[in-house]
Amino acid sequence: MRRIVLIVAAALAFSSSAFAAEWTMHGSLKNETAYFVSGEKRLDKLQTRLDLKPEAILSDRWEFRGRLLAWYDAAMDVEQTNATDLTTGIKKHYRTYLQSKEAYLLYGGDAFDFRIGQQQIVWGKTDGLRMLDIVNPLDMREFMLDDFLDSRIGLWSARLNWYADIGGSEHEFEFIVIPDARPGEFAPAGSRWAFALPATPAGIALAVQPGDEPGWRLSDVEAGLAWRSNLSGWDLSLNWFYGWKDSPNMQKSLTPGLLTLTPVYQRMNTVGGSFSNAFGALVLRGEVAVNIGEGINRTGVTPATSIGRETTVNAAFGLDYNKNNWRISPQFFVRYLPGWDKNVVEDQASGFVSLMVSTDYMNEKLKPEIIGLYDWADGSWMLRPKVSYEFSDQITARLGGDVFGGVNGFFGQFDKNDRIYSEIEYTF
Amino acid sequence: MKVIGLLILSATMFFVAPVYSGESGGLEIMQQVDARDDGDDLIQKMKQRLIDRRGNVREREMISFRKDYAKDSKSITYFLAPSNVRDTALLTWDYDGIAKDDDQWLYLPALKKVRRISSSDRGDYFMGTDFTFEDIKQTPELEDYNWTLIGSEVLDGHNVWVVEGEPKTDGLKKNLGYSNARYYIRKDINMYIRVDFWDRKGKELKRLVSEEIKQIDGVWTAMRGTMTNIQSGHRTELSFSEHRYNTGLTDRTFSERMLKRGYRAK
């Protein structure tokens, strides 16, 4: 909070200087209601969300941009407290939310842009699943159902984008320093959106200890570089990021009658790149991210044998096809561990396929869409149909569902969480 | 969504014209329209009103920048309002002729990503307007049509040529969504002020009318235009303002960088 105050104070200092700053406020007020229609049927959420985007033009060169997201979830007061998935602690976690998503100063130079403050930095070309989009961790309180814009955790960082004309093409060089290293946030244990913990043998209790999370320490600083350009019609990027894996690995320690899990956060280097180009009605796009020294879970039950490090190759390829106001986008994701052995918990090769189909009617007032994701390694899947209707420039309503299938697995673990939802949003 | 910028760019180009007169064949007249002087670059604001048959109105405001590179051009368009599309921006590198598809990139603030988009489906409608990709070209791709001068008449007090363009093949008709288009071109300024379109079955489909034509910085410019879909009763009204021609826009204006930064009036 102190850092936000500093950034806003800096913006206000500009405001009171000779340049007459112009402040604006945009945003939205939204109701999101979701109801579980499988497992124990109940309200998932009854949220009233306020999304505020304050901005200021501070001078010819300087701007301030911010975003604040807050909500109150009445479902946490409507639904009965229980001892399983709606404990007092879980209700407290979900009842209210207030977070700054972005608060940064932007300096727009002739050949460079400089941003300092809390930011969301987005890399990569794929939708729905992240491979190269690894700079900001996610808040997965609602698994991966929330928009990334809402679930991405803004990080305090400095970013310089320098643009140079080389050989007749513009080249962008991006430099990032992040002192605010943070892991992802997950749904609280026991809640319906919590990831399944490892199974324990009969008669063995399970305990989870707190881990040593990365934080505001010099030794934890993250850094990244990227290059982007358009060469011979191809949009290309090369990326490098030295950071922390967002999700911890679980170090195990087995004593008689008790299996203790300790989250271990590990650094890794990511090198990769992305591409896209259009060919007639098709757009081809993709990205590759090689994680060097990525933390992985192993099958052992001692601290030394339960976690390790491997190089992982993550790649995604997608197509966008547009015709007669229909949009069809299949994507293929693969993850491969070249140094895999049988003691690694995950498969040597795993991944997903996804398909998005959308269209529009009534001059784009009515927009149906469906997204399907299938985990081809474990056979689980998720289907997300949605229809939105624009009543006016300010008011949009949406109806949809999130359906999970499969026996366990990435999506199958939420098989009892099928839900339908409605949204009504007023934007200003 | 993806083509609104093109709409603005091309509407601008579409609604400007050089001074020329003389009797010619259909193709020659369309070539004269295509060859007009529309300034080396342009900044302008545009307001778009989408009106359905019940009279319900949706409005959008944009600002666009366009620069010519010989026969090619580049444009970038930012949505300013309403709030739910604010910061959406479209970058277009528009290549002359049909040998090469235009390059287009769309910035989606909800994803914080720049997306490469296809520009090949010229019959697609965009952003809920009554304009297709083809409609918003400065002139249609001339080599895709058989052009016929069918006569002259007086329209709204102006002497106009009436030129019909029929797509050369069934495949083109399918791609464009039209079986025929009739252009009414003012003889004094080589600018079309009305276009009638027929669908693939030969039924009258749409009518485009441009109005309030005046010279700005020496360039003939239409300040308003309306495309009406006769079959659905929906129409799109465009109004333009704050034109600035030949300000010397830099190449960097038309880059992915500017798409991501967005436009803020200073």
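Two residues are in contact if their C-beta atoms, placed from the backbone, lie within 7 Å. The exercises concern a predicted model, in which local features need pLDDT of at least 70 and side-chain atom pairs count only at pLDDT 80 or more, while totals for chains, interfaces and linings use all residues. Residues are numbered from 1 along each chain as its sequence is written, and chains are lettered from A and ligands numbered from 1 in the order in which they are written.

**Exercise 1.** Determine how many residues each chain gives to the contact, and describe the side of chain B by element and by class.

Solution. The contact takes 38 residues from chain A and 29 from chain B. On the side of chain B that touches chain A, the elements giving two or more residues are β3 (57-69), β7 (113-117) and α4 (256-261) of chain B, where helices (H or I, at least four residues) and strands (E, at least two) are DSSP runs, numbered from the N terminus. The largest share, three residues, comes from β7(B). By class, this side has 16 charged, seven polar and six nonpolar residues; Asp, Glu, Lys and Arg count as charged, Ala, Val, Leu, Ile, Met, Phe, Trp, Tyr, Cys and Pro as nonpolar, and the others, Gly among them, as polar.

**Exercise 2.** Identify the buried residues of helix α2 of chain B and state what covers them.

Solution. A residue is buried if 20 or more other C-beta atoms lie within 10 Å of its own, exposed if 12 or fewer, and partly exposed in between. In α2 (residues 26-34) of chain B, the buried residues are B:Gly26, B:Ile29, B:Met30 and B:Val33. They lie on the same side of α2(B), because they cover an arc of only 95 degrees around the axis, the arc being that of the directions from the helix axis to the C-beta atoms. Their cover includes β8 (145-155), β9 (158-167), β10 (180-186) and β11 (191-198) of chain B.

**Exercise 3.** Describe the largest nonpolar core.

Solution. A nonpolar core is a set of buried Ala, Val, Leu, Ile, Met, Phe, Trp, Tyr and Cys residues joined through C-beta atoms within 7 Å. The largest has 29 residues, and those with the most contacts inside it are B:Tyr183, B:Ile185 and B:Tyr192. Among the elements that give it two or more residues are α2, β12 (204-216) and β13 (219-229) of chain B, while β11(B) gives the most, with five residues. Not counting residues up to four places away in sequence, B:Tyr183 touches B:Val163, B:Gly165, B:Tyr192 and B:Val195.
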